[in-house]
Amino acid sequence: MAHVSVRNVSRSFGAHKALDDVSIDFPDGGFYALLGPSGSGKTTLLRLIAGFDFPDEGQIAIDGDSVERVPVEKRRIGMMFQNYALFPNMSVRDNVGFGLSVRGEPRHKMAAEVQAALDLVQLGSLGERRPHQLSGGQRQRVALARAFVTRPRVLLLDEPLSALDKALRVDMQFELKRIQREIGITTIFVTHDQEEALTMSDRIGILRDGRLVQEGPPDETYERPGSAFAATFLGDANICEGIAIEGGIRLANGTEINIEKPVKGCTRCAIRPERIRIATSGAPIPAGDNRLHGTILRRVFAGNIITYFVDCSGLELKVLVQNDGSIQPYINDAVRLHWSKASTVPIVSD
Ligand SMILES: Nc1ncnc2c1ncn2[C@@H]1O[C@H](COP(=O)(O)OP(=O)(O)OP(=O)(O)O)[C@@H](O)[C@H]1O
Ligand SMILES: [Mg+2]
């Protein structure tokens, strides 16, 4: 286990600032998900932590030791990069065992550890194959086994499950989480899949253009996005903009939206699509809820969930409805929408 600390780190490539004054504490034994659009600096940050590259400014320390002063073989970092290069002329078994053999581990011990790692990634019977005889997803799992077989203090994973189909991905998420807990490895995990980030991690950090724009536990990050970007990048949100009034916001069409915890002068708010309800006719709407009349413009059926786009006098809202088998409204139906003030989050930055 190890605590990784990144302090005021910046890294530029020419005129481009890939990382701009980033500070993150990665807790000892924690599972941290790094999210952000393509080019936001995620891989750059992992490379700096691994010590493959050095910051222009700021410090990176593992358990208090600056990575700069620790030689690569002593860092005990397990890595799996986006372009996970396997050794093409080596068998799967030798690829996974490479780090252990460099360390000079006894053969019989090494063989058992490699087999256990291969079993964990469900490749137990493919140890003799060469990388070119594997599918993309199988190669990815070899790289994953290679990263954790040495029982590192820190595991850096750059989109480790991106090549896997949904079912295998869910299996591997479960296994990865289990391995991480069992060995207690501090794990930093880059993913594009927000659901994966939310379900697997203890903390989430969102990068945008090299800056850390939001950080916190998954539920808090989801419930209280600080910016329109964070609200729409992690999950989906309706962003409404107007002028600040007492207790909320007035939109251009005259609609007033009430916010439970308004921020003075704040002119925007976010409402998650799943928080908006379509009122069933006759049923009372809870007192204090925001309420609007609207017409259904579009309907997207996704099996378990139906997404509606509802026009409310010029304000278009996205609404998610669980497909519970009840009769659901259709395009052009007039509906009443409502949602609680508590589900209306003030948005203070872009
Ligand atoms: N060695 C380099 N030389 C020049 N520019 C670089 C170098 N490495 C990264 N960059 C630039 O820095 C920015 C951040 O790159 P990085 O690889 O960290 O993005 P990322 O968040 O990992 O993106 P992705 O999700 O696509 O993998 C990009 O604009 C990239 O082009
Ligand atoms: Mg990357």
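Does F189 count as buried or exposed, and at what relative accessibility? In this predicted model, F189 has a relative accessibility of 0% and therefore counts as buried, the cut-off for that class being under 20%. Its ring partner F31 is likewise buried, with a relative accessible area of 1%.

The count of aromatic pairs comes to five. One of them is formed by F31 and F189, whose rings are tilted, with 5.2 Å from centre to centre and 50° between the planes. This pair links distant parts of the chain, since F31 belongs to strand β3 (residues 31-35) and F189 to strand β8 (residues 186-190), 158 residues apart.

A tilted aromatic pair is also formed by F87 and F98, with a centre-to-centre distance of 4.7 Å and an angle of 55° between the planes. Because F87 lies in the loop between β6 (77-80) and α3, while F98 lies in helix α3, the pair ties together parts that are eleven residues apart in sequence. Both rings count as partly exposed, F87 with a relative accessible area of 29% and F98 at 35% relative accessibility. The face of F87 is in addition covered by R146, which lies at 5.6 Å from the ring centre.

Helix α3 itself (residues 92-102) has as its buried residues V92, N95, V96, G97 and L100, and these pack against α4 (107-120) and α5 (136-148). The helix is followed by G104, for which phi is positive, near 80°.

A further placement of a charge over a ring involves R272, whose charged end sits over the ring of Y222 at 3.9 Å from its centre.

Key: Residues numbered from 1 in each chain as written. Chains lettered and ligands numbered in written order. Predicted model: local features only at pLDDT ≥ 70, side-chain atom pairs only at ≥ 80, totals over all residues. Heavy atoms only, no water. Buried < 20%, exposed > 50% of the residue type's maximum accessible area, 1.4 Å probe, protein only. Helix = DSSP H or I, 4+ residues; strand = E, 2+ residues; numbered from the N terminus. Contact = heavy atoms within 4.5 Å. Phe/Tyr/Trp six-rings, centres within 6.5 Å; stacked < 30°, edge-to-face > 60°. Lys NZ or Arg CZ within 6 Å of the ring centre and 35° of its normal.
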